[in-house]
Amino acid sequence: MSQLWEVFVRGRRGLSHVHAGSVHAADAQMALRNARDVYTRRGEGVSIWVVPSSQITASTPDEKDPFFDPSADKVYRHPTFYNLPEEVRQM
Amino acid sequence: MTAKISAGNTDPMARPRFIYALRLGDDALILAQRLSEWASRAPEIEEDIALTNIALDLLGQARALLDYAGTLEGAGRDEDDLAYLRTEREFTNVHLVEQENGDFAHTIARQLFFSTYQLALYEELISSTDELLAGVAAKGVKEAAYHNDHATQWTIRLGDGTDESHRRMQAAIERLWPFTPELFESDDVDRALAAEGVGVDPSTLRSRWALSIAEVFSSATLEAPQTTWSSHGGRRGVHTEGFGYLLAEMQYLHRSYPDAKW
């Protein structure tokens with residue numbers, strides 16, 4: 001009866017939700033509560049999303065080369081030529 | 001032990017406050033102990049963590065309240081002395097919190113009944129003129145609200161779930177119902193402290209509790225139990241059979257290895 005849910009937690013205002021892990025629960029409301037208990041009990045979060053794991057479409061290891069390798073040699077896409085001031089932490 | 005004997009607190013108002021803080025602290029402590037018995041035994045690991053999280057919230061409340069009780073008593077007893085070195089007849093928790101876990105539905109029913117009461121209590125106690133009690137309530141009210149939500153969600157899902165879960169949830173509320181009137185009994189200590197604005201007279205919380213429980217029963221398709229007998233005596237130190245076993249387990253380590261640290 002229990003299904004699997006993926007949990008996304010936002011650490012604080014201004015940051016985005018980050019995948020934290022997964023929980024079992026019978027429905028979305030219970031999944032949200034389980035996620036709260038499992039992933040935010042050390043003060044990690046201000047907001048939680050839960051998504052049925054079955055609703056996530058993921059790339060497979062087989063697709064790794066065609067998906068990700070072509071970007072490796074395009075250094076001009078990386079903004080590595082800028083000097084960031086110290087105060088800018090979240091980029 | 002001689003160091004612990006002292007004249008005690010001579011402030012005449014300290015004694016009722018001591019009794020009151022001890023009662024609230026004992027309720028939280030004993031329910032925390034019962035809930036922690038679920039560690040590694042809950043139906044799912046998520047629920048294992050949920051129940052023990054709730055236990056830890058309650059233990060935190062118990063520590064603050066028992067520590068305060070020790071100060072009010074003025075006899076040199078700290079929170080550990082009060083938790084681990086009192087005998088059964090010296091504990092003043094209500095019978096509801098000491099009831100065995102039973103199946104998951106019983107644990108949830110106990111949790112629903114207690115958290116609904118504790119939430120109402122803390123909402124009132126926030127405005128206590130006693131700074132420490134008000135502080136415990138301000139912190140505890142958020143915890144109790146979550147405990148209440150957790151129990152409510154489960155009661156609805158079990159009650160309005162399968163035939164088997166409905167049967168078990170109904171059996172659980174019937175088994176535990178007789179332990180609920182004791183939550184709202186008040187005596188001279190409660191009334192005196194309520195009159196001073198220090199404590200809350202528990203009898204004033206009953207109608208709010210009944211209303212909230214009736215709503216949950218209705219969403220959960222549960223029938224309100226019709227039992228007429230009720231269990232009393234916890235506040236006077238008279239307890240039900242299972243309580244001695246609970247204390248034996250809770251106090252064993254401290255009594256065997258006094259002042260052990262880890």
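**Exercise 1.** Work out whether B:Ser128 counts as buried or exposed, and find what surrounds this residue.

*Solution.* Start with the accessibility: B:Ser128 has a relative accessibility of 11%. Buried means under 20%, so B:Ser128 counts as buried. Keep in mind that we're working with a predicted model here.

Next, place the residue. B:Ser128 sits in the loop of chain B that runs between helix 5 (104–125) and helix 6 (131–159).

Now look for contacts, skipping neighbours within four places in sequence: B:Ser128 is in contact with B:Leu133, B:Ala134, B:Gly197 and B:Val198. For B:Val198 there's a polar detail too, since its backbone oxygen lies 2.7 Å from a polar atom of the B:Ser128 side chain.

**Exercise 2.** Do the accessibility check for B:Thr155 and B:Thr204.

*Solution.* Take B:Thr155 to begin with. This threonine lies in helix 6 of chain B, and with 0% relative accessibility it counts as buried. Leaving out residues up to four places away in sequence, B:Thr155 touches B:Ile108, B:Leu112, B:Asp160, B:Met169, B:Val216, B:Ala220 and B:Leu222.

On to B:Thr204, which you'll find in the loop between helix 8 (188–196) and helix 9 (206–219) of chain B. Its relative accessibility is 53%. The cut-off for exposed is over 50%, so B:Thr204 counts as exposed. Its side chain has a polar atom 2.6 Å from the backbone oxygen of B:Asp201.

Finally, check a sequence-distant pair: B:Thr204 and B:Ala120 are 84 residues apart in sequence, and their C-alpha atoms are 9.7 Å apart in space.

**Exercise 3.** Describe the largest pocket: its volume, its lining residues and the elements that supply them.

*Solution.* Volume goes at the top of the list: the largest pocket holds about 1,000 Å³ of space.

Then count the lining. It takes in 30 residues, and those nearest the pocket centre are B:Asp80, B:Tyr84, B:Met250, B:His254 and B:Trp262. Elements of chain B giving two or more residues are helix 1 (14–36), helix 2 (45–73), helix 3 (79–84) and helix 10 (242–256). Helix 2 of chain B gives the most, with seven residues.

To finish, sort the lining by character: 16 residues are nonpolar, four are polar and 10 are charged.

**Exercise 4.** Find where the confidence in chain B drops.

*Solution.* Get the overall picture from the average: chain B has a pLDDT of 95, and 97% of the residues score at least 70. Then go to residues 1–6 of chain B, where pLDDT stays under 50. For that stretch the model has five contacts beyond four places in sequence.

Conventions
Residues numbered from 1 in each chain as written. Chains lettered and ligands numbered in written order. Predicted model: local features only at pLDDT ≥ 70, side-chain atom pairs only at ≥ 80, totals over all residues. Heavy atoms only, no water. Helix = DSSP H or I, 4+ residues; strand = E, 2+ residues; numbered from the N terminus. Buried < 20%, exposed > 50% of the residue type's maximum accessible area, 1.4 Å probe, protein only. Contact = heavy atoms within 4.5 Å. Polar contact = N/O pair within 3.5 Å; in protein donor to acceptor, adjacent residues only side chain to side chain. pLDDT = per-residue confidence, 0-100. 1 Å grid on protein atoms, 1.4 Å probe; cavity = no way out; pocket = protein on both sides within 12 Å on 5 of 7 lines; lining within 4 Å. Points joined across faces, edges and corners; volume = space filled by probe spheres on them. Nonpolar A, V, L, I, M, F, W, Y, C, P; charged D, E, K, R; others polar.
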